[in-house]
Amino acid sequence: MNEIIKIRPADPDFRAEQNAALNAALQEDYEILGRRMARRGIDIETVTELVSRFGVAVPSWGTGTGGTRFARFPGGGEPANVFDKIADCAVINSLTGATPAISPHFPWDEVADFAELRQYAATLGLGFDAVNSNTFQDHPSHGDHPLSYKFGSLSHTDPAVRAQAIRHNIRCIEAGEQLGSKALTIWIGDGSNFPGQSHFGRSFDRYIDSVKQIATALPPDWSVFLEHKIYEPAFYSTVIQDWGSSLLAAQEVGPQASCLVDLGHHAPNVNIEMIVSRLIHAGKLAGFHFNDSKYGDDDLDAGAIDPFRLFLVFNELVDVEAGSGFAKAPAYMIDQSHNVTDPIESLISSAIEIQRAYAQALLVDRAALVGFQDTNDPMMANQELKRAFTTDVAPILAMARAREGAAIEPLAAYRASGYRQACIARRPVRTAGGGGIV
Ligand code: RM4
Ligand code: MN
Ligand code: MN
């Protein structure tokens, strides 16, 4: 078991002590913002309440330092096992009040006793979000995966490899049931590097057939999230390359299947917010892996490059929330690779940025926007969105945190706590400096 969590960020007195010097200024900023919002007919308390209820799950694999295929530069005090990862996630939640769940990845996070793992997380106030299967790399030391995934998994030409990958996904569901999860996320690396290497149609058919078999193992209240990705590790084609492929597959698999949007898995400049809208239309939006990128994948922290895009995604979500509502609320998860920052700091920052985009989207005057749309007034329609986006909602986020007993300034509190230094002192040094995404 892990003792490191007892160190200060998890301690309410420490946070109260950190907040003490900041409370008065926050109160003042919050009142001023409240008055400004009231002039626009918005009740700040309603927004703060919604922000307080907002949660985004943290990926277990995001607590370690990431890398590129060229190198990984390990950070100090990296988690040595899933218990350490949970301890780090609890720190993030205690400071932000916004990350109450962890999304585990198997077999990376496998343990002999899942009930014990669930119990440990629960004692730190954390639950489990979607479980993730890993058939995008080989697991030579793991008895369940004797066959290689070099040429694919769920869409592999060899039925024995497909069967092995299907079994792994079913084991993930079983683990997730013990952890209290309600969804399985499937992302496969299957694809091809050369034109002609694989048959687009047949590999897609094999994938759908495999996922259908996995879906038969889903408990009735579970979902399976299909995650698309434009490229990498395959560099010419991937089997679930885009939202179209994902949607077709989800529709064929059935009502428990839906499409997960990882913001980094699209070509630059793709209109992701419109993809979100289309998936909502189809009733197939599973949820998100939030991150940001200049070029591709989950390279950077949410909101680091294009916070306006993040806002536009939330604008679509809030539009539904404010209207007909979601039959099933989308799952919010972070999925990032932290190569040059302290992963805990990046996850704290991202959780705040995601909340910020949500809060800004709540400020859009939806009736006014529809009016501008219906009278074909592009300038004022865009101004309406910009007005919401440019409102500094920081006092709302900070007040939501203060009221929950989280930190008014989470990054400053984290640095003041000495948590990382304590991890460096207690956890084994990781020297793995080779290439590899995670
Ligand atoms: C992939 C994808 C998956 C994640 C892995 C680690 O790029 O985003 O969601 O499980 O990375
Ligand atoms: Mn992802
Ligand atoms: Mn990714």
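Okay, quick definition before we start: when I say donors, I mean N, O and S atoms within 2.8 Å of the metal. And keep in mind that what you have in front of you is a predicted model.

So, the metals. There's a manganese ion, ligand 2, and another manganese ion, ligand 3, and the two sit 3.9 Å apart. Let me stay with ligand 2. What does the protein give it? Glu 227 through OE, Asp 262 through OD, His 289 through ND1 and Asp 335 through OD, at 2.1 to 2.2 Å from the ion. Six donor atoms surround ligand 2 in an octahedral site, with angles running from 71 to 166°. If you like to scan sequences, the spacing of those donor residues reads E-x34-D-x26-H-x45-D.

Look at the last two of that pattern. His 289 belongs to strand 11, residues 285-290, while Asp 335 is in the loop between strand 12 (331-334) and helix 11 (343-362), so this pair ties together distant parts of the chain, 46 residues apart. Buried or exposed, these two? Both His 289 and Asp 335 are buried.

Now over to ligand 1. The residues around ligand 1 include Trp 61, His 105, Trp 187, Lys 229 and His 265, and the four ligand 2 donor residues we just went through, Glu 227, Asp 262, His 289 and Asp 335, are there too. For polar contacts, oxygen atoms of ligand 1 have a side-chain partner at 3.3 Å on Lys 229, at 3.1 Å on Asp 262 and at 3.2 Å on His 289. On its own ligand 1 would expose 290 Å², and the protein buries 96% of that.

Notes: Residues numbered from 1 in each chain as written. Chains lettered and ligands numbered in written order. Predicted model: local features only at pLDDT ≥ 70, side-chain atom pairs only at ≥ 80, totals over all residues. Heavy atoms only, no water. Donors = N, O, S within 2.8 Å, 3.2 Å for Na, K, Ca; no water. Tetrahedral: all angles 85-135°; square planar, octahedral: opposite > 155°, others 65-115°. Helix = DSSP H or I, 4+ residues; strand = E, 2+ residues; numbered from the N terminus. Buried < 20%, exposed > 50% of the residue type's maximum accessible area, 1.4 Å probe, protein only. Near = heavy atom within 4 Å. Polar contact = N/O pair within 3.5 Å; in protein donor to acceptor, adjacent residues only side chain to side chain. Areas by Shrake-Rupley, 256 points an atom, 1.4 Å probe, with all protein chains shown as cover.
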